[in-house]
Amino acid sequence: MIWLAKNDEMLLSQATQARMMATNCLSSPNSAGADLKIGSIIIELSVKHAPLSDGLVLDYQDKTASNCSLTVWMNENGETIVEFRLGMAVNRLAISEYLSDPPEQLRITYSWDTIKKQALLSVEDPENGSLMQAESDNPLPFPLTLINALISQNDATSIAPRVDFLAVSDQIEPVGFIPSIAKGSPIETPFGMVPIEQLKPKDMVMTADHGPQPVRWVCSRTVPMTGLFCPLRLRAPYFGLTRDILIAPEQRIVFENDEVEYLFGEESILAEARHIANQTNVIPEASNAKNIDLYQLLFDQHQIINVAGCKMESLFIGNITDNLEVCNSTLLSELSVHEIPRHIALARPLLRSYEAMTLQVGAVH
């Protein structure tokens, strides 16, 4: 995997570093000659508070004999467009409108696989989990000169100020939900606390509402510790924690105290960690690590589990199998459609962002 950050810091795995040639031309296991035949570009950008008059997000122009260009932009109507030209060939994908009006931030993922003849443009609103997609069957390989231009951000490359994060991967990166509990986090089982990465399908895990329940699936993903992927640290002894743990910003935590019942008329609710970040007990992780391994557990129903003493949710997937194309672009593609449960409802009511903010001061279980 190849991760490139917009701030010129190269987030490269050791294997990728070993593939860097002396000429700074990047080679890849799926590339032959000077083309990346399979890969993804991920762009995270601020939208609501950082408008651009021309809508430009990313632009690369190579006017040499290869005549290669890559342009990503949004017009005033919210249409997201990716256009890639290589010689006389063109691959152009467009999504017609914003996921919300307007979102705070968006994540754009453009993936290509010239072997399977698939190109996919995905636009996500991480705030509400919405996802829109467009696809084509005429992908083009990315010249490594283009990848190197994105690495060096040379004169041929223009990146809009509102882009918070830019990454290139030599794999098809899944979109939609990401696992949200860091490797090493202990999960309560009938046999004691077990690190989440050691759990397997059919293992029993204690749940708050239904006692021991079998795990349907353990999903995992390695992501860079930057941009919207940057994890949050939950600090012990808050939230009932016996130790600090790291979670993804969208991980939902259970609150069930007198304040919750008074404010919201519910004995128990869920709130996303990013909405209660307060620089005291929910803080952005400051680490020299480049990447983090995240996990989550899927059950037949949405469950509340015990993670190092803190009650939080398991993976919620709703009725995603109603749209198999979207489902297959997520991590759920590892499962057959018959193995994927249908989640009818959340295990607890979920607070909206402005509601969760009222819990920030002394947010304690």
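Is F239 buried or exposed? F239 is buried, with a relative accessible area of just 1%. Keep in mind as you read on that this is a predicted model.

## The loop between β22 and β23

Let's stay with F239 for a moment. You'll find this residue in the loop between β22 and β23. Its phi is near 60 degrees, which is a positive value in a residue other than glycine. To put that in context, most residues other than glycine have a negative phi, and most peptide bonds are trans.

The loop has another feature to look for. P237 also sits between β22 (232-234) and β23 (245-247). The peptide bond from A236 to P237 is cis, with omega near 5 degrees.

## A sheet with two edges

Now turn to the strands. Five of them make an open sheet in the order β12-β11-β10-β5-β15, and the pairing is antiparallel. β12 (130-136) and β15 (163-169) are the edge strands: each has a single partner, so one side of each has no neighbour in the sheet. On average, neighbouring strands here are turned by 10 degrees against each other, direction ignored.

What holds strands together in general? Strands of a sheet pair through backbone hydrogen bonds, either parallel or antiparallel. Look at β10 (residues 105-113) and β11 (residues 118-125): they run antiparallel and are joined by 7 bridges. Y110 is a handy landmark here, as it stands opposite L121 in β11.

## R107 and its surroundings

Strand β10 is also home to R107. How accessible is R107? Its relative accessibility is 6%, which is under the 20% cut-off, so R107 counts as buried.

So who are its companions? The side chains of R107 and E44 are joined by a polar contact of 3.2 Å. R107 also lies over the face of F229, at 4.4 Å from the ring centre. If you skip its neighbours within four places in sequence, R107 is in contact with I42, I43, E44, S122, V123, E124, P126, L228 and F229. Try picking these out on the structure.

## Rings that pair up

Next, the aromatic rings. Searching the whole structure turns up 6 aromatic pairs. Ring pairs link F84, Y110, W112 and F142 into a cluster. You've met Y110 already, as the residue opposite L121 in β11.

## A small hairpin

How many residues lie between β17 and β18 in their hairpin? There are 2 residues between them. The strands β17 (residues 186-189) and β18 (residues 192-195) run antiparallel, with 4 bridges joining them. One bridge to look for pairs T189 with G192 in β18.

## Two buried loop residues

Let's finish further along the chain. A308 is in the loop between β28 (304-307) and β29. Although A308 is not a glycine, it has a positive phi of about 55 degrees. A308 is buried as well, with a relative accessible area of 1%.

S314 is in the loop between β29 (310-313) and α4 (324-328). S314 has a relative accessible area of 0%, so it is buried. Which residues does S314 touch, not counting residues up to four places away in sequence? They are Q296, L297, F299, Q301, H302 and Q303. Take H302: it is 12 residues from S314 in sequence, and the two are 6.1 Å apart in space, C-alpha to C-alpha.

Methods:
Residues numbered from 1 in each chain as written. Predicted model: local features only at pLDDT ≥ 70, side-chain atom pairs only at ≥ 80, totals over all residues. Heavy atoms only, no water. Phe/Tyr/Trp six-rings, centres within 6.5 Å; stacked < 30°, edge-to-face > 60°. Lys NZ or Arg CZ within 6 Å of the ring centre and 35° of its normal. Pairing = 2+ DSSP bridges. Axes fitted to C-alpha atoms, helices over the stretch in contact; angles between N-to-C directions. Buried < 20%, exposed > 50% of the residue type's maximum accessible area, 1.4 Å probe, protein only. Polar contact = N/O pair within 3.5 Å; in protein donor to acceptor, adjacent residues only side chain to side chain. Contact = heavy atoms within 4.5 Å.
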